[in-house]
Amino acid sequence: MMRMKKRKRRKRLKNPFQLEMWREAPGAPCGVAMGRSCLCTGGTATETCRLAAMTTLMLIGLAGYLSGYDGTFLFQKPGDKYEHHSYMGMRGFCAFLGSWLVPFAYLTVLDLSKSLSAALLTAALLTFDTGCLTLSQYILLDPILMFFIMAAMLSMVKYNSCANRPFSAPWWFWLSLTGVSLAGALGVKFVGLFIILQVGLNTIADLWYLFGDLSLSLVTVGKHLTARVLCLIVLPLALYTATFAVHFMVLSKSGPGDGFFSSAFQARLSGNNLHNASIPEHLAYGSVITVKNLRMAIGYLHSHRHLYPEGIGARQQQVTTYLHKDYNNLWIIKKHNTNSDPLDPSFPVEFVRHGDIIRLEHKETSRNLHSHYHEAPLTRKHYQVTGYGINGTGDSNDFWRIEVVNRKFGNRIKVLRSRIRLIHLVTGCVLGSSGKVLPKWGWEQLEVTCTPYLKETLNSIWNVEDHINPKLPNISLNVLQPSFPEILLESHMVMIRGNSGLKPKDNEFTSKPWHWPINYQGLRFSGINDTDFRVYLLGNPVVWWLNLLSIALYLLSGSIIAIAIQRGAQLPAEVAGLSQVLLRGGGQVLLGWTLHYFPFFLMGRVLYFHHYFPAMLFSSMLTGILWDTLLRLCAWGLASWPLARGIHVVGILSLLLGTAYSFYLFHPLAYGMVGPLAQDPQSPMAGLRWLDSWDF
C-alpha cells in the first residue's frame, strides 16, 4: 500500500516548470495529436508552471474562455483525450500567433536588405519548415514566445529605420511596440532575456552614435536617452509587473504546488489550510507540526517507511524533503529525556524555547529524526539523516538542539515567524537539505543531510508551518499575508530555482546544443509504433542545413568584405551598397542567432531540441539576406555575360523550389504519419531517414 501511495503521489507537480516539462517528456508521447492534451491550462495559482509562462497561460486561458473552454479539463497527463472539452480555440490562438512569424520575418528582412527577393526567400524558409509548423499548431509556449521575439525584432528594426525622423509618430509607435514586445517575450519564458539583450545592445550602440554626433545638442541626446528609458525599460517593466498583478488577483486558489512557496505566501491562497486559519502562536511540547525549509522549492521535512538501500549509509528509514502537503510531513515535538505524553490534561503546557534539546518523532511511523557519522547519500562530506527507533524510543543520536536565528536563549519559538536551526547534539552538525534530487529509490525527492559546516544558509534554516495543539489558544494568520512586492520577488525566486533545478535524469531523452543546428535528432510528439498516429518534431533538413551553410559562408564572406573595407579598398558603388547590407543587416540577425543559441552551452539545466527554434528564426533571416546578396554580387561580377542578369532570378527560384519540394517530402512529420516506422524498408518514410538518429 505504501509503495502504491508513493507512486501515485509522484504524479503531482514536481517543479515550477511543470508545463514545460510535460511537453518536454523524455521520448514519451506528448499528446499533441488532434484531440489530445499537451498543456496544463487549468489548475491553481500555485501550480507555478503558470508563473514560468504567465503571459502565455493568461493569453491561452483567455482564448479558451472566449471559445467555450469551461476549465474542467485538468490537463493532468500528456496524451489525455479532450473528448467533449472545447480546445480548438486555444489551438487556433497558438496557430494564429505562429502564423505571424512569416510576415514578421518578411518585413524585418525587407527593411534590413531593401530587397524583395531576400524577404521572399526568408518567408519561404519559415513557411516550408516542418519544425515551425509542428510547434505552431498545438497548445505550446513556443509559438507565443517566437511571436513576441519576432515582434520585438521587427519593431526594433522599424524604429531604427525612422532614425532620420526622431520623435515622430511612427518613431514613437515602433519604439513603444518594441517595449511591449519585450514585456511579452519575457512574460512567456526567461529566454525572452536574449531578445532584451539584443535590443539593449542595439540601443547602446544607437545612443553612442548620437552622442558622437556634434550637430546634436546634449539636450537632444538627453531626450533620446529619456525616450528609450521610458519605452524600453519603464514600459516593459510596468506591463510585466501588471500581468503578475492580474495573475495574483485572478488566480488566488490553492493547489498541489503550494509547497514551492513560503508559509506567508500560502496564507493568501483560498483553499490552503493556512488561509484565514487560526493556529497556536507559540510552539509547545506535544504539538504536531510540519517543518518547512526556507530555501525556495525545497519543501517540507518528510519521511516514509522505505529504507535507504543497501550500501547507502545505515539501512534505516529515509528522511527527505517533499514539496507537497502530505501526512508524512507531520512530526511530533517531544522532550529529549522523557516519553510522557505532553498532551495529557494533567500536565501543564510547556513551551519550546530557544536552546532546548528536543526529539522529533515522525507521526506516521513513530521513528525519531536521527543522524550519525555515516555519509549522506549524495553529499559525501555531510552526514546521513534517517528515521530511527521503535514507537519513539531510540538513542542519543535522536537529540537536537533547537535554535532561533538571532535570538536569545530562553525565548519562546513562534510558529511561521521564527527562523530555526536544528543542531545535532552528538555530531554538532546542522540539519539541512542539499537540494539534490534523490534517485528512484528515494522517489526523486530531495536529499536531507546533517552538515558539519555551521555557516547559516537558507538550506539549513527552517520554520514551523502547521501547528496542532488542542491545549493552546489560536491566533489569526491574516497578519502574515505578504505585500505585492514580496509576492512578486518570491515568485521569481521560485521560478529561477525551479529552472536551475531542471536536471537530466537517468535514461532521460535529452539533446545537446551542438545537435540542434545540424538537425541531428528530433522529438517524438505522439505515437511510438506503426499503429499510432505519429507526429515528430524535426526541422526541414534542406532548410536547416542551408541555414547552417549560410552561417559559415557569412562568416567567411563578411570577414573578407570587412577586411577589404578596413584596408581602404575602393569598392564600386553597387558592391559597396551590397556589402553594407551584408555587414549591417546580416550582422544584426547573426547577433540574434548568437544570443539565442550560445547561452545554452552555459546552462546546466536539461535541454531539448525545441530550445533552438528562436535561434533558427534568425538563421533563416540570415540565409535570405546572404544568398540574395551573393547572387546579386555574382550577377554584377558576370555582367559581361549575356545571361548574367538571370543568375539572381534563377538562384532565388531554385532555392524557393528546393525548399518547397523538401517540404512536400517531409510534411508527414508535422501532419502525422501512419504505417510502419521509418526503420522498416516498407515504410513510405524509409527513404527520408537520412540520418540514423532520426527515429520517426
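Which helices each supply at least two residues of the lining of the second largest pocket? In this predicted model, these helices are α6 (101-113), α9 (142-161), α11 (192-211), α12 (218-250) and α16 (573-597). The greatest contribution comes from α16, which provides seven residues. The pocket has a volume of about 900 Å³ and a lining of 26 residues, among which N160, N202, D206, R584 and Q588 lie nearest its centre. By residue class, the lining comprises twelve nonpolar, eight polar and six charged residues.

Of the contributing helices, α12 was examined further. Its 33 residues should span 48 Å at 1.5 Å a residue, and the end C-alpha atoms of α12 are 46 Å apart, which agrees with that expectation. The helix α12 nevertheless bends by about 30° at V234, and a proline, P236, follows within four residues. P236 is itself among the buried residues of α12. The others are V221, H224, A227, R228, C231, L232, Y240, F244, H247 and F248.

Strand β6 (residues 357-362) is mostly covered, with six of its six residues buried. Burial extends to both faces of β6: I357, R359 and E361 are buried on one side, and I358, L360 and H362 on the other. Two strands pair with β6 in the antiparallel sense, namely β5 (residues 331-335), over five bridges, and β9 (residues 400-404), over two bridges. In the pairing with β5, L360 of β6 is the bridge partner of I333. On the β9 side, I357 stands opposite R401.

Key
Residues numbered from 1 in each chain as written. Predicted model: local features only at pLDDT ≥ 70, side-chain atom pairs only at ≥ 80, totals over all residues. Heavy atoms only, no water. 1 Å grid on protein atoms, 1.4 Å probe; cavity = no way out; pocket = protein on both sides within 12 Å on 5 of 7 lines; lining within 4 Å. Points joined across faces, edges and corners; volume = space filled by probe spheres on them. Nonpolar A, V, L, I, M, F, W, Y, C, P; charged D, E, K, R; others polar. Expected span 1.5 Å × (residues − 1). Bend = angle between axes of the 7 residues up to and from the residue. Buried < 20%, exposed > 50% of the residue type's maximum accessible area, 1.4 Å probe, protein only. Pairing = 2+ DSSP bridges.
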